[in-house]
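Work through the exercises below with the sequence and the structure side by side. Try each task on your own before you read the solution that follows it.

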Amino acid sequence: MKATVLVRPKPGILDPQGEAVGSALGHLGFAVRDARVGKVIDLEVDAASPAEAKAQVERMCERLLANPLIESYEVEVSAP
Amino acid sequence: MTTPRPRIGVVTYPGSQDDRDALWALAALDADAVPVWHEERELAGLDAVVLPGGFSYGDYLRCGAIARFSPVTPAVCEFAEAGGLVLGICNGFQILCEAGLLPGALLRNASLRFVCRDARLRVERNLLPFTSRCTTGQVLVIPVKHGDGRYVPPPDLDPGQVVLRYVDNPNGSVDDIAGVCNEAGNVMGLMPHPEHAVDPLLGSDHGALILASLVDSARRRALAAA
């Protein structure tokens, strides 16, 4: 089963990478008010159901994939 | 009468870089500095442990995030929970934060640039096993060299846990924090590299104050345990 994890810097955490990207977009003439840069982790997991896959990936986020002090995460599971 | 040389372990993870400098500096300060491989699961017979700088596991995912699950790290956690002295330098600091032994997290420098230069640090607390040779308010010159040194404390950080602050903040750390300790005061992490500042030939020997404090404290513990 395919799962995608979106990890984002939490609101209030300074994101210099997002600021640099936002400013570069501004220089290109795009009207961007804010940019935040996170990361995407694509996983292929063995699970009996999408719900089980989601629960498993959430445990992965809590243990390793995200640091709850500075990052939030979102898990999406797509059926095979 | 001979003074016992305390045994201080320096952990080598895959990607550690400053382990040899830390071993050299500790030995120069009269410790019995012993290398500890990351596959060790026990830390028997050590009076203190140092997690050195470098780029363990390539800094993949987040700095220190994967080293936290290295076989030796749970042993370091047990050692710390039993009151053992643990010092994390740079990547070692990042690992201690990821492992939950120290509060907070270290993120990309605000400048997005790697900084490599001398930093000036103000000692906020000297009644610790890591700063007993310093005075409160003393300014130390110790080099930093990191790309991910911006310290973000948890919202409830006790200001008493801040041990060192930058006089000239090189990375955007919140409240200029350069080094913190745990509540009990037996675990400390700092981004600057004391092991690179132990001889005037290196530009400064102020790092020796931190490491010699650790050696003193480890020696006291070795004597008390003997």
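**Exercise 1.** Determine which residues of helix H1 of chain B are buried, and where they lie around the helix axis.

*Solution.* In this predicted model, we begin by locating the helix, which covers residues 19–28 of chain B. We then look for residues with 20 or more other C-beta atoms within 10 Å of their own, and this step gives B:Asp19, B:Ala22, B:Leu23, B:Ala25 and B:Leu26 as the buried residues of H1(B). Their arc around the axis is only 170 degrees, and therefore they lie on the same side of H1(B). Next we ask what this buried set packs against, and we find four strands of chain B, namely S1 (7–12), S2 (32–37), S3 (48–51) and S4 (85–89), together with helix H4 (207–225). Finally, moving past the end of the helix, we come to B:Asp30, which has a positive phi near 75 degrees.

**Exercise 2.** Find which residues touch the most other members of the largest nonpolar core, and which element supplies its largest share.

*Solution.* The largest nonpolar core has 78 residues, and those that touch the most other members are B:Leu26, B:Val49, B:Val86, B:Leu96 and B:Leu211. When the core is divided by element, H4(B) gives the largest share, with 9 residues. Taking B:Leu96 as an example, and leaving aside residues up to four places away in sequence, we find that its contacts include B:Leu51, B:Val86 and B:Val187. There is also a second, separate core of 9 residues, among them A:Val5, A:Ala53, A:Val57 and A:Tyr73.

**Exercise 3.** Describe the order of elements in chain A, and decide whether the chain is more spread out than a compact globule or not.

*Solution.* We first count 2 helices and 3 strands in chain A, and reading from the N terminus we obtain the order β-α-β-α-β. The radius of gyration is 16 Å, whereas the globule rule gives 12 Å for 80 residues, so chain A is more spread out than a compact globule. The C-alpha trace of chain A spans about 50 × 30 × 15 Å along its principal axes, and 16% of the 80 residues of the chain count as buried.

**Exercise 4.** State how many residues each chain brings to the contact between chains A and B, and classify those of chain B.

*Solution.* Chain B brings 11 residues to the contact, while chain A brings 9 residues. Sorting the chain B side by class, we obtain 7 nonpolar, 2 polar and 2 charged residues.

Note on methods. Residues numbered from 1 in each chain as written. Chains lettered and ligands numbered in written order. Predicted model: local features only at pLDDT ≥ 70, side-chain atom pairs only at ≥ 80, totals over all residues. Contact = placed C-beta atoms within 7 Å. Nonpolar A, V, L, I, M, F, W, Y, C, P; charged D, E, K, R; others polar. Rg over C-alpha atoms; globule rule 2.2 N^0.38 Å. Buried ≥ 20, exposed ≤ 12 C-beta atoms within 10 Å, placed from the backbone. Arc of directions from axis to C-beta. Core = buried A, V, L, I, M, F, W, Y, C linked by C-beta atoms within 7 Å.
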